[in-house]
Every structure is written in structure tokens, then in C-alpha cells.
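Notebook open. Today I want to look up helix packing and enclosed empty space in this one.

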Amino acid sequence: MSDTTLRAWLLTETPQSRRQAAWGRTYRGWLLFRRNHLAMVGLVTVIVLVVGSLAAPLITPYDPTAQELSNRLAAPSWAHWFGTDELGRDLYTRVVYGGRVTLGMVIAVVVLVAPVGLLVGSIAGYLGGFVDRALMRVTDVFLAFPRLILALAFVAALRPGITSAVFAIALTSWPAYARLARADTMTIRNTDFIAAIRLTGAWPGRIILRHIIPLCLSSVIVRVTLDMSGIILTAAGLGFLGMGAQPPMPEWGTMIAATRGYILQQWWVPTIPGVAILVASLAFNLLGDGMRDVLDPKQR
Amino acid sequence: MSSHSRWRNIAGTSASVPVTLFGLILVTFLIGRVMPIDPVIAIVGDHAPPDVVARVRLELGLDRPLVVQFGIYLVRLLHGNLGSSVMTTHPVTQDIATYFPATFELATAAIILAIVIGIPLGVIAAARQGSRFDHVVRVVSLAGQSIPVFVLGLLFLLLFYVKLGIAPGTGQVDVVYDGMVNRITGMLVVDAAIEGQWDVFWDALAHLVMPAIILAYFSLAYITRMTRAFMLDALAGEYIVTARAKGLSPTRILWRHAFGNIAVPLVTVIALAYAGLLEGAVLTETVFSWPGLGLYLTVSLLNADMNAVLGATLVIGFVYVVLNLMADIAYRVLDPRVR
Amino acid sequence: MLVEVDNLRVSFATPGGMEHAVRGVSLTLGQEKLGIVGESGSGKSLTARAILRLLPSAAQVAADRLTFDGIDILTAREPVMRRVRGKRAGLILQDPKYSLNPVMTIGHQIAEAWRVHKGGSRRLAAQAAADLLQQVRIRDPQRVAALYPHELSGGMGQRAMIAMMLAPDPELLIADEPTSALDATVQAEILRLIDDLVSRRGMGLILISHDLPLVSHFCDRVMVMYAGRVLERLPASQLARARHPYTRGLLDCLPSLVHPRRQLATLARDPAWLTA
């Protein structure tokens with residue numbers, strides 16, 4: 001009984017409050033999203049990944065660093081679902097913990113990058129003029145490097161490791177968000193309602209923070225989700241080149257690099273982490289695609 | 001726009017490039033000089049004798065203010081001096097000249113593949129939107145953008161080289177043919193053809209195929225997606241209704257009218273894809289032991305050879321900027337609406 | 001009879017159910033000028049495009065009879081339709097900014113229309129294109145032929161559009177709101193041009209518009225549509241004596257310089273019209 005009234009409340013044509021309107025919009029967006037089968041697959045996979053990573057100790061029978069040198073490179077069996085790696089560690093456990101590492105890196109990057117990018121972009125877009133040009137020059141410089149290359153150079157200068165990798169990826173990712181936020185801001189800046197708010201004497205900072213940034217959010221969110229797949233690939237690439245997470249930490253790219261030579265006989269050892277990367281990256285791509293279709297349909 | 005103002009427009013775009021390049025150099029300098037704990041050790045390595053360390057310290061002018069250091073760096077750079085590589089003991093510029101052509105060969109082969117396959121796929125997928133073909137194309141290109149290039153490379157090696165034995169192994173050419181062809185352009189396939197050494201030519205070509213395919217996959221996926229998206233936009237235009245009303249054939253409408261409208265933005269996409277190949281090249285060359293700039297960069301990284309790493313980074317950054325600029329210029333030159 | 005339409009129905013499937021955009025429209029056309037008048041959403045454009053089978057693939061079309069010069073449009077194979085379109089019937093759209101291909105020159109687009117149906121060399125086609133531009137009263141046709149659509153004014157763009165559609169010498173011309181995107185001064189010129197060309201070539205014309213007096217001036221007969229249905233048909237000359245309340249309402253809404261009123265009338269919609 002309450003289910004249908006909740007639905008009616010959400011879908012009403014005449015919302016009584018801003019909150020109701022906002023919830024209604026979200027619900028309608030969700031209905032639209034739900035019809036996209038591929039996007040749903042992406043969403044479910046991402047949820048599984050996140051939950052799996054959080055619950056890693058609960059769902060894995062072994063310690064990711066526990067070596068069993070007598071049982072190296074074992075084939076998949078009931079004892080070891082994915083077999084064991086070159087040091088006899090359970091591959092399934094390491095893949096699951098690797099998910100933790102990867103998602104942790106991705107979230108760390110996003111937390112660093114999105115706010116900075118949003119802020120810089122909206123300030124540049126709103127203030128225009130010299131500030132805009134100067135900030136855009138800065139973003140141009142960072143955009144001038146292919147992401148992996150600059151990350152490699154950074155990591156080379158610092159110590160190779162997970163923190164340097166996160167920092168390096170973040171440094172190469174933020175300009176794209178700044179550009180996005182700037183473009184959105186410039187569209188919004190000239191609207192009447194912003195002019196109205198300015199007339200009330202609002203300070204530019206307040207205008208940017210309370211009015212402009214919320215409107216930029218949807219395209220940024222879409223971009224973040226889509227970018228996550230790229231970040232996963234870059235992080236794995238860094239790991240593969242030995243510049244990311246260092247052994248014995250179970251990062252998928254690092255694991256592949258270490259076991260590359262075994263591809264002939266024990267092909268599953270480097271392949272399974274590779275599949276994990278593919279699945280994670282694909283899931284975020286599908287999710288991001290679906291979100292973009294809902295939030296920003298013009299941009300197909 | 002008259003011819004004169006068009007060139008001014010292009011000049012305006014290009015004017016920002018030197019600033020960007022300057023910023024690039026600055027960033028590279030900061031990475032090499034400011035970030036490491038001891039920039040000298042970063043350059044000469046842990047095992048260098050003390051007199052080498054002292055000499056390099058003097059050369060770099062580490063006792064001088066940072067701005068002066070940057071000035072020295074910039075001047076040396078403008079003279080084409082990127083320092084020497086600890087690993088190869090050659091000047092970095094020489095190393096880069098040695099290894100760059102192989103990357104260029106690989107990247108060019110890859111982009112040709114990506115264009116030849118990707119564009120028709122995107123066009124036809126858009127023409128048959130919603131069909132099974134369209135769905136397959138979408139999923140495959142989505143997967144192409146999600147798979148790490150080194151995983152794909154390893155799998156291909158496993159399947160085609162090890163299991164099926166139809167592809168040659170890693171490297172640019174069979175060991176047998178090593179050193180048989182003189183270095184003219186640095187691109188083995190081209191050089192072998194120029195010299196008329198056809199057995200080397202075919203072998204080099206065979207070695208080129210797999211890494212090129214792997215490298216192409218990501219940009220192919222990107223090009224296909226963008227082509228499809230552009231085409232869907234174009235096909236929704238009113239002028240397509242007009243074209244149908246004129247009684248034109250579907251093929252003509254699809255290619256002459258719709259595709260004709262997206263050709264220019266597509267050029268930009270292709271230039272960006274080509275630039276993106278530089279990234280993929282690093283990983284592909286590592287997997288296939290392809291003697292290009294990417295492999296050079298990777299090996300230098302593992303040896304903590306700072307000069308080499310930064311030199312290669314700078315060069316790649318330069319190429320990237322130039323490619324982006326060319327894309328921009330091409331857009332302005334080709335689009336009649338901008339003229 | 002050039003065109004015979006009997007009980008045409010066009011529907012679209014939408015998330016909210018089936019949307020019936022055209023509900024049982026019938027019309028016949030010979031070598032004469034028919035005006036279809038209605039507000040946005042009345043289904044007039046869809047009706048006209050259905051005759052050439054130019055509706056989007058999402059549209060579901062049904063009719064008791066839909067023929068062009070005896071050819072059954074509903075069941076004709078696509079190659080047959082392609083010979084009808086352009087060669088025997090032309091379509092002029094509303095805004096030349098969007099309806100002309102932005103990356104082809106005007107001359108090229110007209111030449112294409114000419115060449116596809118008449119064959120011949122490129123040079124011949126280019127010559128024909130310049131000739132046609134002259135027919136639509138464009139001075140300096142050679143110069144204009146080398147221009148791109150964005151370099152033309154609205155009026156010139158429509159003239160180019162007309163030239164393009166008349167190039168294969170069709171028997172029927174459908175003009176879908178040809179002047180709605182133009183300035184008022186240019187509107188009359190373009191319509192006079194269409195009128196003149198159609199008369200001289202002995203063509204049939206379907207003129208679609210929301211502008212009632214305009215249509216009545218240039219057409220022989222008028223058909224008033226509302227919500228996918230035909231509410232009234234009458235000769236253009238007898239428009240002032242229209243009987244349906246909707247038509248009367250539309251006529252009454254028109255401001256007049258000659259008979260000014262203190263308060264302009266508004267149209268009161270009767271829900272009964274939806275099920276007429």
C-alpha cells in the first residue's frame with residue numbers, strides 16, 4: 001500500500017516542495033536508467049566490486065601475502081579457486097584484495113581531482129578575463145602530456161609506490177574536470193537567474209559555490225564515472241611497468257608484470273588479474289554511459 | 001572569412017602553443033630538479049663515482065638559485081642538449097633519434113588500421129542504429145576501451161604465437177635478419193623496401209602486425225564510438241530529410257551527405273587518437289619488446305635514469321602538443337563554416 | 001487525380017502509450033493548389049510527408065488508400081519510392097539554415113538533384129543549376145552557386161531550396177511552412193515565386209501553414225486540421241463563410257487594420273473537436 005503511494009508522491013506532476021521535486025527527478029532518472037540493460041549490468045558489477053572490496057577479509061579464505069612455496073603455480077582447484085601464483089599465494093584472495101587496492105586508488109584520485117577541478121574550472125569560467133586565461137594555460141600544460149607518460153615521469157622522480165601513483169594520476173586528471181566545469185559555468189553564467197542573484201548583492205564566491213557548482217555537478221559526475229575506467233587502466237599500467245603499487249602488495253597490474261613469464265604454461269596466473277581489470281573498467285564504462293544517457297542525453 | 005583572416009585565426013590558435021610548450025619544459029624541469037631528494041643521484045644513479053657526482057652537480061648548477069638553474073636548463077635544451085643517459089652513455093637526444101622512428105612506424109600502422117576499420121564500423125552502426133550489428137559494435141568498442149593494452153598483448157602472444165604459431169615472436173624482426181638492412185629512416189619496413197631486401201621486408205612486416213593490432217584496438221574503439229556518435233547526430237539533421245526527399249540513394253545520403261558533414265570533426269578525433277597512441281605505445285612496446293621510444297622510457301624508468309626519462313617525456317609531450325595543434329588547424333582549414 | 005489519401009492514420013509509440021498524430025485524414029489533389037492549415041501538432045506536416053513516405057521509422061502508417069498517380073505508397077518498394085521522390089514530387093522544408101546541407105555548395109546541391117534524375121555530365125548539371133537559380137529570381141546565379149548555405153540569407157536559401165526541388169521537373173510540390181522562418185517582407189515574395197512557378201509548370205501544390213489568410217490568398221482550396229483530424233474543407237474564396245467554430249475562431253482572432261477592434265478575440269477550444 002505504501003509502495004504505490006510513495007511512487008505516486010515521486011511521480012506527481014505537481015510537487016509541493018523542492019525536496020519532492022528533486023526526489024521526483026531522481027526517481028524518473030532512475031526509471032530511465034533502469035531500462036538500459038547494459039548500464040544496469042555495469043551498476044550491478046560496480047556494486048559487487050565495491051562490496052567485495054570492502055568485505056575482502058570476509059570472503060577470502062587466505063591471507064593475500066601467505067606464501068606456500070611448495071604449491072606454486074597450482075591450477076584452479078577447490079582449495080584454490082583461481083589457483084596459486086608464483087609464490088604459492090592464493091590467487092583468488094589476491095585478486096579480491098587487488099580490487100581493494102585498485103578501488104582505493106581510484107577513489108583517492110577522484111577525491112583529489114573532482115573538487116580541485118570543479119573549483120578551478122568554475123572560478124575560471126565565472127571570472128573570465130585574465131584569471132580565466134591564466135588558469136587555462138595551466139590546464140593546457142597538464143593536458144599536453146599523455147596521462148600515463150606524465151604519471152611515469154612523476155613516479156620516477158618520487159619513489160615508485162602507491163602514493164606517488166595516486167598523486168601522479170591525480171595531477172594528470174584534474175585539468176579535464178576544470179575544462180568541463182569551465183564550459184558549464186560559461187553557459188550558466190549568462191543566464192537570467194544568475195543575474196538576478198547577482199542583483200541581490202551576493203558575493204562571487206557564494207554565487208559560485210551555492211549556485212554554479214551544483215549545476216556543473218551532473219556532467220562532472222558522469223565524467224568521473226567514465227574516467228574511473230581510464231584511471232583503473234592507468235593505475236594497472238603503472239603497476240605493470242613497476243611504477244605503481246609495489247610487491248608484495250596485490251595490485252592487478254603489478255601481479256601481471258610479476259607473472260608475465262608464466263603465460264605459456266600457467267596462463268591463468270597473469271590472465272585472471274587481467275580479466276579483473278577488464279571487468280572493473282568495463283563496468284564503470286557501462287555505468288558512466290548509462291548515467292550520461294540519463295543526465296545529459298544531448299551528449300551521446 | 002577571407003584568406004587573410006583565416007591565417008590570422010590559425011596564428012591566434014598557434015600563439016598559445018609556445019606558452020604550453022614552455023609550461024611543459026617548466027614542469028619537466030620541476031619534476032627532475034625539485035621533486036627528487038637528490039637530483040644528482042637521480043641522474044647519475046646510486047653507484048656513480050664521487051668525481052662524476054661532483055661534476056654533474058657543477059654542471060647542473062645546483063648551488064645557484066632555482067631560476068638560474070631553469071635558465072641553464074632552458075638554454076641547454078634550446079641547443080638540443082638533454083643530457084646523457086646513464087644506461088646507454090649516449091646523449092639522450094641521440095637515443096631518442098635512434099628509437100623514435102620505430103615508435104612512429106608502429107603508431108602509424110596502428111592508426112591506419114584504426115581508421116580503415118573504425119570509421120566504416122561507426123558509420124554502418126549508426127545507419128543501423130538499434131540493430132544487432134549496432135549493439136555488437138557498441139559492446140566491442142566499449143570493451144576495447146576497457147581492456148588494458150598489455151593484457152590484450154599478452155593474450156595475443158599466447159594465442160597466436162605460442163598456441164597457434166602463426167605469428168612471429170617479439171621484437172621488430174627475426175634475430176637472423178638483425179643488422180642486415182642499413183638504417184635510412186629508422187623504420188625497418190620502409191628501409192627494407194627501399195633497399196629491396198624483400199625477405200627482411202616481409203619478416204619485419206609480419207612482426208609489425210600484432211603489436212600494431214594491439215595498439216590499434218584502443219584507438220579503434222575510440223574512433224568507432226566517436227564516428228557513430230557524430231553520425232547519429234548528422235543523420236538527425238533536417239538536411240537528411242531533404243536528401244531523402246530528393247530521391248537520393250541511401251548509400252549516397254549516408255556517405256556523401258551525413259558522413260561529409262562529420263568528416264572535419266572526425267579529423268580532430270583521429271589526430272587525438274593518434275596522440276593517444278603514444279601512451280599505448282609505451283605499454284605495447286614493453287610487451288612486444290619493440291625497440292621504440294616507449295621501451296626506452298620504460299627501461300630508463302627501471303634504471304632510474306632521470307635524464308633519459310625526462311628527455312623522453314619532454315619529446316613525447318612536444319609531439320602531443322604538435323599533434324593537437326595540427327588537429328586544430330586542420331579543423332579551421334577544412335570546415336567551410338569557419339572559413 | 002495526382003494524390004489520393006483515404007483515412008490516413010499515423011501513430012507513434014511513446015513511453016506513455018500510443019500517440020495518434022494523424023487520425024483518419026482524407027484528401028485528394030489534382031493539378032491545383034491545396035492549403036493545409038493548422039496549429040503546431042495538428043498533424044499537417046506528417047500528413048504531407050506520409051504521401052512521400054518520408055516519416056521517421058518509428059512512425060506507424062496506415063490508410064485505406066494512399067496513392068500518388070496510381071502508385072500505392074503504402075506497399076511500394078523503396079526503389080519505386082526513390083523514383084517518386086524528387087523526380088515526381090518535391091518537398092520544401094521550413095528553415096534553409098537546417099534543411100540545406102551545410103558542407104556542400106548551393107550549386108552542387110541543386111546539380112545533384114538535377115543529375116540524379118536526369119543524368120548527364122557534371123558540367124551540364126552545373127549549367128542547369130545556374131539556370132534554375134535564375135528561374136527563382138536570384139541575380140548573379142554563378143556567384144551564389146559557389147556559396148555555402150550559411151552564407152545566404154533566409155530568403156535566398158529558400159529560393160535555392162525551391163530551385164533544388166524543381167530541378168527534376170516534378171508534378172507535385174509540397175511546401176511545409178516554407179515561409180515561417182522568414183521575415184514578413186520576404187514571405188510574400190517567396191510565396192508569389194512558388195505560386196508563379198507552380199502555375200507555369202502546371203504542377204500540383206500542397207501548401208502547409210499555420211497562417212490562414214496567407215494560405216487562402218495563394219491556394220484554390222483550404223483544409224483545416226486540428227489534433228490529427230480534418231475539421232473543415234472549403235474553397236479558399238469562401239473562407240470568410242467558414243462554418244466550423246474552430247475555423248471561425250481562427251478567423252476572428254486575426255487583428256485587422258481595416259476593422260480594428262477594442263479587444264482581440266481568443267480561441268475557445270471545444271473538447272468535442274478532439275473527437276470530431
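I took a cavity to be a set of grid points where a 1.4 Å probe fits but cannot get out. Note to self: this is a predicted model.

Entry 1, cavities. How many cavities of 30 Å³ or more are there? I get 4 by this rule.

Entry 2, the largest cavity. Its volume is about 50 Å³. I listed the lining as Phe100(B), Thr103(B), Leu278(B), Ala281(B), Val282(B), Leu293(B), Gly294(B) and Ile316(B). H5 (92-127), H11 (250-288) and H12 (293-302) of chain B each put in at least two residues, and H11(B) has the largest share with 3. By class I have 6 nonpolar, 2 polar and no charged residues.

Entry 3, the second largest cavity. I noted about 40 Å³ for the volume. Here the lining draws on chains B and C: Tyr239(B), Thr242(B), Ala243(B), Lys246(B) and His257(B) sit on the list with Ser99(C), Leu100(C), Asn101(C), Gln109(C) and Met164(C). Helix H10 (residues 238-245) of chain B gives the most, 3 residues. The split is 4 nonpolar, 5 polar and 1 charged.

Entry 4, a helix pair in chain A. I checked H10 (residues 204-240) against H12 (residues 268-295): the axes come within 9 Å and cross at roughly 165°. Angles over 145 degrees count as roughly antiparallel, so H10(A) is roughly antiparallel to H12(A). The crossing is left-handed. The residues of this contact divide into 13 nonpolar, 6 polar and 2 charged. On the H10(A) side I wrote down, among them, Ile221(A), Leu226(A) and Ile232(A); the H12(A) side includes Phe284(A), Asp289(A) and Arg292(A).

Terms used. Residues are numbered from 1 along each chain as its sequence is written. Chains are lettered from A and ligands numbered from 1 in the order in which they are written. This is a predicted model: local features need pLDDT of at least 70, side-chain atom pairs count only at pLDDT 80 or more; totals for chains, interfaces and linings use all residues. Side-chain values use heavy atoms; hydrogens and water are left out. Axes are lines fitted to C-alpha atoms, for helices over the stretch in contact, and angles run from 0 to 180 degrees between N-to-C directions. Angles under 35 degrees count as roughly parallel, over 145 as roughly antiparallel, 65 to 115 as roughly perpendicular and the rest as oblique. A crossing is left-handed if the near helix is turned anticlockwise from the far one by less than a right angle, and right-handed if clockwise. Contact means heavy atoms within 4.5 Å. Ala, Val, Leu, Ile, Met, Phe, Trp, Tyr, Cys and Pro count as nonpolar, Asp, Glu, Lys and Arg as charged, and the others, Gly among them, as polar. On a 1 Å grid over the protein atoms alone, a cavity is a set of points where a 1.4 Å probe fits but cannot get out, and a pocket is an open set with protein on both sides within 12 Å along at least five of seven lines; lining residues have an atom within 4 Å of a point. Grid points are joined across faces, edges and corners, and a volume is the space filled by probe spheres set on the points.
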